[in-house]
Amino acid sequence: MTQRPSFSRDDVDIIERKSPYEGFFRLDRLRLRHRLFNGGWSRELTRELFVRTEAVAVLPWDPVRDEILLVEQFRVGALDFRDSPWCLELIAGIRDKDDESLEDLVRREAQEEAGIRLGELIRLPGYLASPGGSNERLSLFFAVTDLSEAGGIHGHPDEGEDIRVLTVPMAEVPALIDAGQLDNAPCLVALHWLMLHHQRLRGQYAR
């Protein structure tokens with residue numbers, strides 16, 4: 001039997017919601033209460049919520065070369081946790097156009113960040129990045145793509161982007177993960193999905 005959550009959105013009473021800060025991101029402060037597993041309601045709680053629009057990321061894979069494409073760029077969030085704040089990541093972007101589909105967004109980001117045209121897209125399970133304090137949801141894609149010409153430096157310098165494109169043989173991916181070189185959630189989720197389905201995908205596309 002599929003396990004379902006015990007409660008729904010209707011079991012949360014939002015008393016007040018304010019936005020004390022709004023810049024590139026937004027910070028909301030909520031006063032709320034919610035139903036309890038043992039019955040009744042919680043006391044009034046105050047929670048800060050980091051708010052951002054939906055994000056997407058894509059893992060391009062070349063079935064002929066059996067390589068993936070990663071991008072490398074500076075990330076301020078890695079300053080306190082790594083010897084180098086330059087991170088290996090998936091192509092990614094934030095949805096800032098309501099009339100643009102997630103598929104169109106990820107194809108546009110692939111052109112801007114890596115200079116490639118994505119082939120067939122496969123939608124992977126999305127996830128909440130850190131639901132204890134953020135509403136950020138990331139939609140993941142896998143793309144069957146010709147990477148024979150991939151490489152170089154890309155991005156929009158006027159937006160502070162300096163992005164290096166790398167192709168990595170699938171045989172090297174487990175060692176990169178074990179060494180902690182791929183330590184961000186989109187990479188880990190997408191690459192573990194690919195490793196789980198790699199043999200099937202090779203049989204389907206590597207012809």
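A residue is called buried here when its relative accessible area is under 20%. By that yardstick Cys187, at 0% relative accessibility, counts as buried. The views below come from a predicted model.

**View 1. Cys87 and Cys187, two cysteines without a bond.** Let us begin inside the protein. Cys187 belongs to no disulfide, and the nearest cysteine sulfur, that of Cys87, is 9.4 Å away. Seen from the other end, the sulfur of Cys87 has Cys187 as its closest cysteine partner, at a distance too far for a bond. Cys87 is buried as well, with a relative accessibility of 7%. The structure as a whole holds zero disulfides.

**View 2. The open sheet E1-E2-E3.** Three strands form an open sheet in the order E1-E2-E3, and their pairing is antiparallel. Strands E1 (12-22) and E3 (45-51) stand at the edges with a single partner strand each, so one side of each has no neighbour in the sheet. On average, neighbouring strands of this sheet are turned by 25° against each other, direction ignored. Strand E2 (residues 26-34) is joined to E3 by seven bridges. For a landmark on E3, look for Glu48, which has Arg29 standing opposite.

**View 3. Salt bridges around the open sheet.** Stay in this region and turn to the charged side chains. Asp11 and Arg35 form a salt bridge, with their closest N and O atoms 2.9 Å apart. The two residues come from distant parts of the chain, 24 residues apart: Asp11 sits in the segment before E1, and Arg35 in the loop between E2 and E3. Which of the two is buried and which is partly exposed? Asp11 is buried, with a relative accessible area of 16%, whereas Arg35 is partly exposed at 34%. A network of salt bridges also links Glu16, Lys18, Arg31 and Glu44. Over the whole structure, a search finds 17 salt bridges.

**View 4. Strand E4, enclosed by the rest of the structure.** Why is E4 described as largely enclosed? Eight of its eight residues are buried, so the rest of the structure largely encloses this strand. Ala55, Ala57, Leu59 and Trp61 point one way from E4, while Val56, Val58, Pro60 and Asp62 point the other way, and all are buried.

**View 5. The partners of E4.** Here the same strand is shown with its pairing strands. E4 and E7 run antiparallel and are joined by four bridges, and Ala55 has Ile94 as its bridge partner in E7. With strand E9 (residues 137-144), E4 runs parallel, and seven bridges join the two. Pro60 stands opposite Ala143 of E9. E4 also pairs with E5, in the antiparallel sense, over two bridges, and the bridge partner of Asp62 in E5 is Glu67. The hairpin of E4 and E5 has four residues between the strands, and within this hairpin Asp66 takes a positive phi near 50°.

**View 6. From E5 to E11 and on to E10.** Following E5 (residues 67-74) takes us to another set of pairings. Six bridges join E5 to strand E11 (residues 163-169), and the two run antiparallel. Val71 has Val165 as its bridge partner in E11. E11 is also joined to strand E10 (residues 152-154), through three bridges and again antiparallel. In this pairing, Ile153 has Arg164 of E11 as its bridge partner.

**View 7. A nonpolar patch with Phe74.** At the surface, Phe74, Val76, Leu79 and Trp86 make a nonpolar patch of about 420 Å². Phe74 lies in strand E5 and counts as partly exposed, at 41% relative accessibility.

**View 8. Two salt bridges between separate parts of the chain.** Arg75 and Glu89 form a salt bridge, the closest N and O atoms being 2.9 Å apart. Arg75 lies in the loop between E5 and strand E6 (86-89) and Glu89 in E6, so the pair ties together parts that are 14 residues apart in sequence. Arg75 is partly exposed, with a relative accessible area of 34%, while Glu89 counts as buried at 11%. The second pair is Glu54 and Arg95, whose side chains meet in a salt bridge (3.6 Å, N to O). Glu54, in the loop between E3 and strand E4 (55-62), and Arg95, in the loop between strand E7 (91-94) and helix H1 (102-114), are 41 residues apart. Glu54 is partly exposed at 25%, and Arg95 is partly exposed at 26%.

How values were computed: Residues are numbered from 1 along each chain as its sequence is written. This is a predicted model: local features need pLDDT of at least 70, side-chain atom pairs count only at pLDDT 80 or more; totals for chains, interfaces and linings use all residues. Side-chain values use heavy atoms; hydrogens and water are left out. Two strands pair if DSSP finds at least two bridges between them. Axes are lines fitted to C-alpha atoms, for helices over the stretch in contact, and angles run from 0 to 180 degrees between N-to-C directions. A disulfide is a pair of cysteine sulfur atoms within 2.5 Å. Buried means under 20% relative accessible area, exposed over 50%, partly exposed in between (1.4 Å probe, protein chains only). Patches are made of residues with over 30% relative accessible area and no salt bridge: like charges are joined within 9 Å, nonpolar side chains (Val, Leu, Ile, Met, Phe, Trp, Tyr) within 5 Å. Accessible areas come from the Shrake-Rupley method with a 1.4 Å probe; for residues, only the protein chains shown count as cover. A salt bridge is a side-chain nitrogen of Lys or Arg within 4 Å of a carboxyl oxygen of Asp or Glu.
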